[in-house]
Amino acid sequence: MAAAKSNTNWFAIGISIAVVVVLVVLGGLVVFLNNQANDPGTAPQSAIVNEETGAIVFGDGEDTVDTYVDFMCPICGDFEKSYGEQLQTAAANGDITLNIHPVSILNRLSQNTEFSTRAGGAMYCVAAEAPDATLDFFNELFANQPAENSAGLSDDELTALAEQTGAGAAADCIADGTYMDFVDAQTNAHDIKGTPTVEVNGKRLDLQAGEITEMEKLLG
């Protein structure tokens, strides 16, 4: 009886140790995956990229407008049709500083091609390699915006758009996915839950409550 009891105790201890080991391994895996998700990756170096915020910056006006856009998002496309030209003109005239943040929340709607992340990364590639072509490339991404639940544009198609706008120097960067991790990290860092997300002078607007008027006032 004593031997049997001893064996049972050792069996229970062995099971407990195994459970602890599994939990430690799972805990380590969770930490690893979280670190991967928050890995900032390679940060783009460019005169038009704000190192602190990750924004691609146009203009130097006192008032700031930040837009967070996912290139798969149809509402972002509608936003650009309604306000894109006015925002870019205001930035060009020095009336505002326009900060564009490429983000990725709709990869799940691109048939596992991670289009949102790839397109955002391509935007940073152009900003780094051919900054003068960045706004033209941005506009072409929306002019050629793929539908949700499609595969999106391929890297070759993104490169073709870059070349079309005078940013052929970004081709290798796009092919390598150099800034994909940066796009995902920026999405997490800015706590983006939906797009478009708009901020005026640092205040995040409640678009459903009609606060877009605060941005419209800046545009005259």
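Start by selecting residues 63-69 and 197-200 in this predicted model. These are strands E2 and E4, and they pair in the antiparallel sense over 4 bridges. For a single bridge to look at, show Val-65 of the E2 stretch: its partner in E4 is Val-200.

Now widen the selection to the whole sheet. It is open and has 5 strands, in the order E1-E3-E2-E4-E5. The pairing is mixed, so keep an eye on strand directions as you go across: strands of a sheet pair through backbone hydrogen bonds, either parallel or antiparallel. Where does the sheet end on each side? Colour residues 56-58 and 203-204: these are the edge strands, E1 and E5, and each of them pairs on one side only.

Next, add residues 74-92. This is helix H2, which lies across E1, E2, E3 and E4. To see its direction, display strand E3 (96-102) along with the helix: H2 runs at about 145 degrees to E3.

For the last stop, leave the sheet strands and select residues 134-143 together with 155-164, which are helices H4 and H5. Their axes are 9 Å apart, and the helices pack at an angle of about 135 degrees. H4 and H5 are therefore oblique to each other, and their crossing is right-handed.

Which side chains should you switch on here? On H4, show Phe-137, Glu-140 and Leu-141. On H5, show Leu-158, Leu-161, Ala-162 and Gln-164. Coloured by class, this contact of H4 with H5 has 5 nonpolar residues, 1 polar and 1 charged.

How values were computed
Residues are numbered from 1 along each chain as its sequence is written. This is a predicted model: local features need pLDDT of at least 70, side-chain atom pairs count only at pLDDT 80 or more; totals for chains, interfaces and linings use all residues. Side-chain values use heavy atoms; hydrogens and water are left out. Two strands pair if DSSP finds at least two bridges between them. Helices (H or I, at least four residues) and strands (E, at least two) are DSSP runs, numbered from the N terminus. Contact means heavy atoms within 4.5 Å. Axes are lines fitted to C-alpha atoms, for helices over the stretch in contact, and angles run from 0 to 180 degrees between N-to-C directions. Angles under 35 degrees count as roughly parallel, over 145 as roughly antiparallel, 65 to 115 as roughly perpendicular and the rest as oblique. A crossing is left-handed if the near helix is turned anticlockwise from the far one by less than a right angle, and right-handed if clockwise. Ala, Val, Leu, Ile, Met, Phe, Trp, Tyr, Cys and Pro count as nonpolar, Asp, Glu, Lys and Arg as charged, and the others, Gly among them, as polar.
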